[in-house]
Amino acid sequence: MKRILSLISAITVVAASLISAAPADAATLTVTLSARNGTVGVSQTISATVKDSGQDIGGGVGTVTFTANGAQIGTDTVGGQRGTTATINWTPQTASPSTNITATFDDGTSDTTSVSISSVSTSASITTPGSAGTSTQVTLAAQVRAKVGSYVPTGSVTFYTSNGSAIGSGNLDGSGRTSVAYTTPAAAGTIYLYVVYNGDSNATASGKSGSDSIKVSAAASSLSLVAPQSNFVGSPAQLTAKVNPPNGTGSVAFSANGSALGSANVANGVATITWVPASTGNFTLKAVYSGGGGVTGATATNGVTVTQPLKADVITLNPAGAAGPWPVGSTQGLANGATVQFGVSSASGLPVTLSVIGPCSMSGTTLNVNGVGGPCTVTASTP
């Protein structure tokens, strides 16, 4: 019995010796990164596989952190049911010929690769009101979009007419839109316009957009010219042109017998200037309306005669029985109840009219003093 126990004890010692002699293998992990070249605003998948170099399958359990040029762009876990591959979706926001993508496992093991991020292609479009009046201000709008992805272009858009003439530019807002004010031509017709996006550091220029048109038309108008019919050399006369419909804009040019007198802008359907005739004669006045604000141009004429300026008439007021005529502005003393018969005449030969105010009355050319206590004022006038 003692022999058996001794044998078992020897076997146990040998087994223990064998177990303690087995060396432990330290696991060595590797990270393999997969990333490709991309485009600004376009999402792509980046992955990293974490494996134990000593095994065909399996690897570490933990988190993989992804960075682009040192800035974190996402994390994912590996191990167990998650498998050995960490995956994120990355949308580049900046164009660059070389962007370093790095995947780093919790233990510091990492892998890095360099990718190129291209500027995104763009397209631009223009929107017009479709129709407008001549010489009318309208709004032109533009929209710029990336052809792929989510990037919103920044920068400016230039607006052009179909002949390539630039008519303005505007900066894009946060949604890629902009607008400019545009005044339509004075002549009726159809105009075509397009836009060009000028690009930014992350988006390429668009090239010419498709064109959009504006049909420019004008409402018929009428014009009248008003001038004083009694015109004298050296006396200012107001000339007035009236536009119908009154919403017309633009200006009116005035002339007399073909000689320019000046021009004035239309406001509330009216344009006026002051004319001072320099000579006598018959004149044909002409007003030419330019048109504008969706109203067509028009012309009006008027004929006037300019004469020498009128001279002050000379009136003689000669009381019967007096030594001579009463001077203009003189004061005469008359008793209550007195009657004065006047002889009247004028240098022009025109008839003389007498009137009086105060406690007196006038009957034809006879003055009657009707009371006391105040002056009477006699006035003589001719046409």
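# Notebook: disulfide, sheets, cores

I opened with Cys-376, which is partly exposed, with a relative accessible area of 27%. Worth writing down at the top: this is a predicted model.

**Entry 1, the disulfide.** I looked up what Cys-376 is bonded to. Its partner is Cys-360, with the two sulfurs 1.9 Å apart. I counted disulfides in the structure and got one. I then checked the hand of the Cys-360 and Cys-376 link: right-handed, with 85 degrees about the S-S bond. Cys-360 lies in strand 29 and Cys-376 in the loop between strand 30 and strand 31 (377-381), so the bond ties together parts 16 residues apart in sequence. Is Cys-360 buried or exposed? I have it down as buried, because its relative accessibility is 12% and the cut-off for buried is under 20%.

**Entry 2, the sheet around strand 29.** Next I traced the sheet that holds strand 29. It is an open sheet of four strands in the order 26-27-30-29, and the pairing is antiparallel. Which strands stand at the edges? I found strand 26 and strand 29 (360-363) there, each with a single partner strand, so each has one side without a neighbour in the sheet. For the twist I noted an average of 25 degrees from one strand to the next. I also looked inside the sheet, where strand 27 and strand 30 (residues 366-369) run antiparallel and are joined by three bridges. Gln-341 has Thr-366 in strand 30 as its bridge partner.

**Entry 3, aromatic pairs.** I went through the rings and listed three aromatic pairs in the structure. One of them is Trp-275 with Phe-283, edge-to-face, at 5.5 Å centre to centre and 70 degrees between the planes. I checked burial for Trp-275 and Phe-283, and both are buried. Then I took Trp-326 and Phe-342: the ring centres are 5.1 Å apart and the planes stand at 80 degrees, so I logged this pair as edge-to-face too. Trp-326 sits in the loop between strand 26 (315-319) and strand 27 (339-346), while Phe-342 is in strand 27. The two are 16 residues apart, and the pair links distant parts of the chain. Phe-342 is buried, at 4% relative accessible area.

**Entry 4, a charge over a ring.** While on rings, I looked at Tyr-194. The charged end of Lys-208 sits over the Tyr-194 ring, 4.6 Å from the ring centre.

**Entry 5, the cores.** Which residues have the most contacts inside the largest nonpolar core? I wrote down Val-64, Phe-66, Leu-140, Val-157, Phe-159 and Ile-214, in a core of 40 residues. Strand 11 (residues 137-146) gives the largest share of this core, with five residues. Apart from this one I found another core of 24 residues, including Ala-241 and Phe-254. Trp-275 and Phe-283 from Entry 3 are also among the residues of that second core. A reminder to myself: in soluble globular proteins, nonpolar side chains tend to be buried together.

**Entry 6, the mixed sheet.** I traced another open sheet, this one of five strands in the order 2-8-7-4-5, with mixed pairing. Strand 2 and strand 5 (71-78) are the edge strands, each pairing on one side only. Where is the parallel part? I found that strand 2 (residues 38-39) and strand 8 (residues 110-118) run parallel, joined by two bridges. Gly-38 has Ile-117 in strand 8 as its bridge partner. Moving along, I saw that strand 7 (residues 96-105) pairs with strand 8 in the antiparallel sense, over seven bridges. Ile-101 stands opposite Thr-113 there. I looked at the turn as well: the hairpin of strand 7 and strand 8 has four residues between the strands, and Gly-108 in this hairpin takes a positive phi near 95 degrees. At the other edge, strand 4 (residues 62-68) and strand 5 are antiparallel over seven bridges. Gly-62 is matched with Val-78 in strand 5.

**Entry 7, a span.** Last, I went back to strand 31 and picked Thr-379, which is found in that strand. Thr-379 is partly exposed, at 40% relative accessibility. How far is Thr-379 from Gln-72 in space? I got 105 Å, C-alpha to C-alpha, with their positions 307 residues apart in sequence.

Terms used. Residues are numbered from 1 along each chain as its sequence is written. Side-chain values use heavy atoms; hydrogens and water are left out. A nonpolar core is a set of buried Ala, Val, Leu, Ile, Met, Phe, Trp, Tyr and Cys residues joined through side-chain atoms within 4.5 Å. Buried means under 20% relative accessible area, exposed over 50%, partly exposed in between (1.4 Å probe, protein chains only). Rings of Phe, Tyr and Trp (its six-membered ring) pair if their centres lie within 6.5 Å; planes under 30 degrees apart count as stacked, over 60 as edge-to-face and the rest as tilted. A charge sits over a ring if NZ of Lys or CZ of Arg is within 6 Å of the ring centre and within 35 degrees of the ring normal. Two strands pair if DSSP finds at least two bridges between them. Axes are lines fitted to C-alpha atoms, for helices over the stretch in contact, and angles run from 0 to 180 degrees between N-to-C directions. A disulfide is a pair of cysteine sulfur atoms within 2.5 Å.
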